[in-house]
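Biologist: Could you take me through one part of this model in close detail? I would like to begin with a single side chain and then see how its surroundings fit together.

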Amino acid sequence: MSLHAPEFFAELRLPFPSGTTVGATYYATPIAGAPLRLQIGFTDTQYRDAYGGLRLTVMHLDRGTIDAVALSFADHGTFRRRQGPLHHRNMPDTFNTTLTRPGQPPWEGADLTGLRDAIESYTAVWFPGAWTASAPSRTAARTARQVPAPPAARSESRSR
């Protein structure tokens with residue numbers, strides 16, 4: 001099963017217009033014309049095809065790596081509400097591409113809000129002002145879980 005990295009990074013809704021995914025890594029130039037670049041990749045676990053978080057790296061065009069930080073899914077509550085016996089028994093705070101249900105992304109049931117907040121805090125240090133007011137709202141976050149829509153039946157209760 002594929003990692004589906006472009007879909008994962010799209011779901012994070014990072015506000016960098018120059019951002020692109022190549023392979024399993026996201027690259028961006030958060031401040032146009034600046035020599036600093038942002039690279040985000042997945043952190044491996046001791047198990048094949050299993051990922052435990054993201055690694056953010058700030059790189060300078062001439063000097064190379066300036067800083068890096070690992071953000072674990074466990075520390076940011078990414079999979080806290082994920083359900084299913086396979087997920088609880090087999091590394092609950094990771095996603096594994098071999099345990100994916102058909103038609104679902106490997107990060108099914110993820111809440112990316114805490115992770116996105118941590119990315120915003122980290123990038124604010126290195127790229128002040130790059131996280132613009134035009135960034136998508138966090139309250140409109142989507143999850144990978146497919147939830148059936150409630151029935152459209154009209155309620156007998158009084159409306160506001």
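**A histidine and the strand that holds it**

Modeller: Happy to, and let us start with a contact: a polar atom of the His60 side chain lies 3.2 Å from the backbone nitrogen of Arg63. The His60 side chain also reaches the backbone nitrogen of Asp62, at 3.0 Å. Please keep in mind that this is a predicted model, so every distance here is computed from predicted coordinates.

Is His60 buried or exposed? With a relative accessible area of 11%, His60 is buried, because the cut-off for buried is under 20%. Setting aside neighbours within four places in sequence, the residues in contact with His60 are Pro35, Leu36 and Ile66.

His60 belongs to strand S4, so let us widen the view to that strand. Of the 11 residues of S4, 9 are buried, so the strand is largely enclosed by the rest of the structure. As general background, side chains in a regular strand alternate between the two faces of the sheet.

Which strands pair with S4? I will take them in turn.

- S3 runs antiparallel to S4, and 9 bridges join the two. Here Phe42 has Leu54 of S4 as its bridge partner. The hairpin of S3 and S4 has 5 residues between the strands, and in that hairpin Asp49 takes a positive phi near 65°.
- S5 pairs with S4 over 8 bridges, again in the antiparallel sense. Leu56 finds its bridge partner in Val69 of S5. The hairpin that joins S4 to S5 does so through 3 residues.
- S6, residues 95–96, pairs with S4 over 2 bridges, also antiparallel. In this pairing the bridge partner of Tyr51 is Phe95, in S6.

Leu54 brings us to the packing inside the protein. The largest nonpolar core has 31 residues, and Phe8 and Leu54 are those with the most contacts inside it. Each of H1, S2 (25–28), S3, S4 and H3 supplies at least two residues of this core.

Helix H3 deserves a look of its own. What span should its 14 residues, 113–126, have? At 1.5 Å a residue the expected span is 20 Å, and the end C-alpha atoms are 20 Å apart, which agrees. The buried residues of H3 are Leu115, Arg116, Ala118, Ile119, Tyr122 and Thr123. Viewed down the helix axis, the buried residues of H3 fall within an arc of 160°, so they line one face of the helix. In general, an α-helix has 3.6 residues a turn, so residues three or four places apart point the same way. Ser121 and Val125, on the other side of H3, are exposed.

What covers the buried residues of H3? The cover includes strand S4 (50–60), together with strand S3 (36–44), strand S5 (64–72) and helix H1 (5–12). That returns us to the strand of His60, which is S4.

Finally, here is the setting for all this. The protein has 3 helices and 6 strands, and along the sequence they follow the pattern α-β-β-β-β-β-α-β-α. Of its 160 residues, 38% count as buried. Among contacts with a separation of 6 or more, 51% come from residues 24 or more positions apart.

How values were computed:
Residues numbered from 1 in each chain as written. Predicted model: local features only at pLDDT ≥ 70, side-chain atom pairs only at ≥ 80, totals over all residues. Heavy atoms only, no water. Helix = DSSP H or I, 4+ residues; strand = E, 2+ residues; numbered from the N terminus. Expected span 1.5 Å × (residues − 1). Buried < 20%, exposed > 50% of the residue type's maximum accessible area, 1.4 Å probe, protein only. Arc of directions from axis to C-beta. Contact = heavy atoms within 4.5 Å. Core = buried A, V, L, I, M, F, W, Y, C linked by side-chain atoms within 4.5 Å. Pairing = 2+ DSSP bridges. Polar contact = N/O pair within 3.5 Å; in protein donor to acceptor, adjacent residues only side chain to side chain.
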